Amino acid sequence: MPKADVDPLALALLPPKDESPAQKAARLAAEQEATRISNLIDSELRAERAQLKKEAQNQHKILLLGQAEAGKSTVLKQFQLVFTPNQFRAQQQHWKALVQLNLVRSILVICEALTDDPSEYDLDIDNFLSLDPTVSPDYSIKAAESLLNEGGDEDDTRRNSYPYPGTANAEIGPIPEITVELRQLKMRLSPLYHVQTVLIEHLACQFDDPSLLVAAHQLDKAADGAKTADFVVRSNTSLNGFLGKKLGRTDEHEQTQLRLDIHEVNTILRACRNDMIALWKDPTVREILHRRDVRLEEGPGFFLHEIERITEPNYVPSQDDVFRARIRTLGVQEYSFRLETGPDKGREWRLYDCGGARNQRHSWPFFDDCHIIFLAPISCFDQVLAEDRRINRLEDSMQLWKAVCSSKLLQNSEMVLFLNKCDILEAKLKSGSKFSDWVPQFDGANTVADVTKYLKGKFRSIQKAHSPGPRVFYCHLTAVTDAKSTAKILNSVQELVTRVQLQSVSLL
Ligand SMILES: Nc1nc2c(ncn2[C@@H]2O[C@H](COP(=O)(O)OP(=O)(O)OP(=O)(O)O)[C@@H](O)[C@H]2O)c(=O)[nH]1
Ligand SMILES: [Mg+2]
């Protein structure tokens with residue numbers, strides 16, 4: 001045989017030339033055993049793969065997508081209430097610290113606004129309440145003309161720069177004088193900075209997320225001028241995991257300390273109750289907020305109308321409080337449950353709640369066998385993204401919808417669009433905000449019916465133009481903080497997903 005044709009590996013595996021019969025028998029036995037073990041591993045792997053495939057077929061994956069504050073985490077809570085109500089109720093009390101924190105943050109926003117020295121007041125309200133501290137200081141938005149322009153490219157030359165009226169920095173007229181009484185009130189409420197720190201620490205333990213502790217300490221340091229810091233729920237924390245968790249610390253002393261701190265929080269909140277109510281009711285305060293264009297009522301986690309109830313000694317969050325409590329999602333939060341009733345009983349649902357801020361979207365997990373619930377908050381037609389103040393929020397939702405519809409990986413996914421926050425839209429239109437001031441092409445009446453009809457048409461045409469293949473347009477007008485109407489919608493989503501599954505099985 002020519003030298004080049006010799007396989008060096010085969011040569012190396014040849015038995016030794018001087019192998020004795022006993023050595024040969026031992027070698028063959030060892031080879032046989034190795035083959036048996038290899039076959040066993042192969043068959044175990046095959047069985048495992050088949051099991052995973054079976055489980056995947058028996059599972060529905062739903063991605064909740066949309067920009068920050070669209071309502072995705074709220075839909076997740078609604079799913080929990082509709083499909084695993086016992087679990088939801090069992091966990092209701094765990095939301096208490098978050099509701100208290102939302103309330104305290106609102107009060108501190110007001111305290112920050114109570115200054116007549118403009119150099120002292122540069123509070124970025126969106127960030128203070130919920131979002132990234134790293135936002136652009138540019139308070140312009142895209143031209144309304146390009147707002148609903150379907151192509152929606154990123155051409156800066158088509159942007160109109162004009163001041164955004166919904167920001168804290170857009171001061172409208174002079175600030176009324178801050179009376180001695182108000183200054184004293186503000187002083188008496190200063191222990192709330194400490195309350196805020198303790199609550200964040202407490203939540204950090206519930207979430208088992210030390211980075212929240214960092215946020216708490218930053219707040220501590222900046223107690224006399226806290227302007228940033230955020231509270232978040234991170235990926236790899238499942239909702240079930242977070243809420244089911246006991247205080248995460250192992251050290252008994254620390255746990256006791258934390259409980260004492262929480263006791264202290266409740267005491268301080270009760271002691272500050274009347275001052276908080278007085279602050280929120282004060283006409284001068286309202287005027288200052290108006291002048292500074294701080295619109296707390298429209299923001300997330302607004303509990304100022306319920307100070308008395310929330311500061312009660314035995315306060316337990318109501319169902320409604322849970323839906324209104326605000327915490328930002330970072331990364332992807334997973335939540336799974338099995339249907340307890342109906343024809344699809346036993347089927348596992350896996351929901352993926354994705355952080356919607358711009359810097360979170362790269363981690364959205366797209367699967368080729370999932371369905372999408374896309375939330376577009378339509379009340380924010382006159383607002384900009386907190387993380388990029390050049391971008392109008394409605395425009396951002398449309399661009400995002402376009403990107404999701406265009407995805408090739410998602411071409412077989414059903415997409416259900418929730419035009420959300422219809423309740424806020426209604427209040428806004430009724431209070432005099434004109435949709436056509438922001439969307440000049442809109443020539444309908446300034447009513448929810450006309451505005452939603454118009455927006456439905458826009459989203460429908462984006463889907464039609466950008467989907468890789470034909471796709472049915474499923475759209476609901478929602479206010480996902482409302483349990484009753486949302487339950488109906490989630491049931492119809494469940495029926496849709498089940499029907500699609502049955503169809504795909506019958507096609508196989
Ligand atoms: N009034 C009203 N508030 C809503 C509605 N949907 C959501 N919210 C509130 O808006 C805030 C933000 O909702 P989330 O569900 O946390 O938003 P998200 O999409 O998960 O936001 P990220 O986690 O930042 O991506 C919460 O305080 C909700 O209670 C709605 O339809 N109406
Ligand atoms: Mg969220």
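Which helix or strand gives the most residues to the shell around ligand 1? In this predicted model, α3 does, with 3 residues.

## Ligand shell

The shell around ligand 1 counts 25 residues. Nearest to the ligand come Gly-71, Ser-73, Pro-300, Thr-329 and Gly-356. By class, 10 residues are polar, 8 nonpolar and 7 charged.

Four elements supply at least two shell residues each: helices α3 (72-83), α15 (319-324) and α17 (422-430), and strand β3 (328-329).

## Between two domains

Where does ligand 1 lie relative to the domains? Domain 1 (61-93 + 329-507) gives residues to the shell, and so does domain 2 (94-324); ligand 1 therefore lies between them.

## The sheet

Six strands form an open sheet with mixed pairing. Their order is β4-β5-β1-β6-β7-β8. The edges are β4 (332-338) and β8 (474-477). Each has a single partner strand, so one side of each is left without a neighbour in the sheet. From one strand to the next, the twist averages 20°.

At the β4 edge, the partner is β5 (residues 348-354). The two strands run antiparallel and are joined by 7 bridges. Within this pair, Tyr-335 stands opposite Leu-351 in β5.

## Helices across the sheet

Helix α3 serves the ligand shell and also lies across sheet strands. Those strands are β1 (59-66), β4, β5 and β6 (370-377). Relative to β5, α3 runs at about 160°.

Helix α19 (residues 448-466) lies across β6, β7 (415-420) and β8. Its angle to β7 is about 150°.

Notes
Residues are numbered from 1 along each chain as its sequence is written. Chains are lettered from A and ligands numbered from 1 in the order in which they are written. This is a predicted model: local features need pLDDT of at least 70, side-chain atom pairs count only at pLDDT 80 or more; totals for chains, interfaces and linings use all residues. A residue is near a molecule or strand if its C-beta atom, placed from the backbone, lies within 6 Å of it. Ala, Val, Leu, Ile, Met, Phe, Trp, Tyr, Cys and Pro count as nonpolar, Asp, Glu, Lys and Arg as charged, and the others, Gly among them, as polar. Domain bounds come from an automatic or database domain assignment. Two strands pair if DSSP finds at least two bridges between them. Axes are lines fitted to C-alpha atoms, for helices over the stretch in contact, and angles run from 0 to 180 degrees between N-to-C directions. Two residues are in contact if their C-beta atoms, placed from the backbone, lie within 7 Å.
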